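Visitor: I would like to learn how to read the features of a model like this one. Where should we begin?

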Amino acid sequence: MMELSSFFPTFCSPDLLLFIAPLWIAVVIGVLVGWVWRPSWARDDKIFTFFNNNLPLPAATTTTTVPSFESRQVYKEKSGFVTGDDFRHLWNLVEVKDGGPSWIQMMDRSTPTFSYQAWRRDPHDGPPQYRSRTVFEDATPEMVRDFFWDDDFRSNWDDMLLFSSTLEACKDTGTMVVQWVRKFPFFCSDREYIIGRRIWDAGRVFYCVTKGVQYPSVPRQSKPRRVDLYYSSWCIRAVESKRGNGEMTSCEVLLFHHEDMGIPWEIAKLGVRQGMWGAVKKIEPGLRAYQRAKAAGAGLSPSAIMAQINTKVSVEEFMNERDSTGEVAGDEKPSSGKNIPKMLVVGGAIALACTLDKGLLTKAVIFGVARRFARMGKRM
């Protein structure tokens with residue numbers, strides 16, 4: 001999956017070494033200040049029970065035999081596997097008709113063979129959401145679709161993926177349930193994802209939905225820590241080449257991503273911007289290697305075969321019925337501490353994050369915090 005687990009959440013960059021001193025200064029200052037100035041409710045042990053509502057259940061690491069997909073249709077609907085409502089939601093996101101907050105542009109970068117733009121917005125009742133537009137020159141929508149769906153090949157370009165397994169696969173609709181384990185820095189615990197995914201085909205415009213789903217057959221473990229709130233979906237379609245020759249030889253990917261890994265949202269936003277481009281530019285070399293492998297006759301992996309089983313949909317028919325599907329707006333935004341001094345916000349958040357889980361701060365987040373502290377030092 002394109003899922004910004006490859007784009008946004010945990011980036012490893014050699015440039016981080018240049019900021020190792022400011023990093024530890026930021027952590028020490030943040031922990032001290034945050035711990036001393038923490039509000040009274042943070043001293044109550046009950047608050048940690050609230051935040052750690054997904055503490056590990058006693059379980060073994062043995063493989064579970066899962067019933068056939070077809071025999072679990074009722075359970076599928078109850079557990080939130082990917083349905084037509086998910087397609088409608090993604091379509092509304094693509095058409096900017098979801099009723100959410102406005103997008104704020106974060107980045108606009110390009111190379112001779114691909115371009116990338118990114119936006120962020122802060123919903124009232126959830127983690128930051130990210131939207132990106134990537135255009136690959138000389139690539140077909142089908143190739144890009146297979147590339148992002150191919151878990152076997154992903155390890156060639158996504159060094160954060162430690163493990164992947166297909167739990168269920170429906171050969172009628174192409175719906176899959178997969179398990180991922182993603183690597184985090186040595187001071188963080190790795191993260192586990194149980195992901196439902198499915199593709200709709202609207203005439204070579206592919207709506208690819210991936211999201212976290214409940215799957216009791218795979219019990220929680222103490223490590224890796226499971227990520228429950230996860231959404232990463234995209235629209236893939238052919239667009240005109242930027243060479244200006246009028247040919248539709250480029251491929252556009254509109255991606256929408258958000259997840260809650262346990263990192264305080266305000267801290268996460270500091271690091272995302274710093275690590276974004278370093279992660280994004282790794283994807284194109286992976287795509288080109290995938291194109292070369294297929295041109296040389298390499299076969300399709302099981303997951304890439306599933307990528308070619310799509311649900312056909314008529315956008316015209318959907319547009320005729322879309323008015324009957326309403327989007328519910330969010331409620332009041334919870335207090336985010338915007339009026340609290342930055343030192344207190346950063347320090348308190350780091351202290352809280354370290355207290356709740358020793359492995360919550362990713363390299364990208366810490367890199368961003370270090371950069372922020374370095375800039376603050378220059379102003380003093």
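**Reading burial and strand pairing**

Guide: Begin with burial across the protein: of its 380 residues, 50% are buried. Keep in mind that the model is predicted.

Visitor: What surface does the protein expose, and which atoms supply 56% of it?

Guide: The exposed surface is about 18500 Å², with 56% of it coming from carbon and sulfur atoms.

Visitor: How many helices and strands does the secondary structure come to?

Guide: There are 12 helices and 11 strands in the protein. As for contacts, take those between residues at least 6 apart in sequence: 69% of them link residues at least 24 apart.

Visitor: Let us take one strand. Is strand 2 mostly covered or mostly uncovered?

Guide: The general idea concerns the two faces: side chains in a regular strand alternate between one face of the sheet and the other. In this structure, strand 2 spans residues 114-121, and 7 of its 8 residues are buried. Buried here means under 20% relative accessible area.

Visitor: In which sense do strand 1 and strand 2 pair?

Guide: The pairing of strand 1, residues 104-110, with strand 2 is antiparallel and has 6 bridges. Within the pair, Gln 105 lies opposite Trp 119 of strand 2. The connection from strand 1 to strand 2 is a hairpin of 3 residues.

Visitor: How many bridges join strand 2 to strand 3?

Guide: Strand 3, residues 129-136, runs antiparallel to strand 2, and 8 bridges join the two. One residue pair to locate in the view is Phe 114 with its bridge partner in strand 3, Phe 136.

Definitions and conventions: Residues numbered from 1 in each chain as written. Predicted model: local features only at pLDDT ≥ 70, side-chain atom pairs only at ≥ 80, totals over all residues. Heavy atoms only, no water. Buried < 20%, exposed > 50% of the residue type's maximum accessible area, 1.4 Å probe, protein only. Helix = DSSP H or I, 4+ residues; strand = E, 2+ residues; numbered from the N terminus. Pairing = 2+ DSSP bridges. Contact = heavy atoms within 4.5 Å. Areas by Shrake-Rupley, 256 points an atom, 1.4 Å probe, with all protein chains shown as cover.
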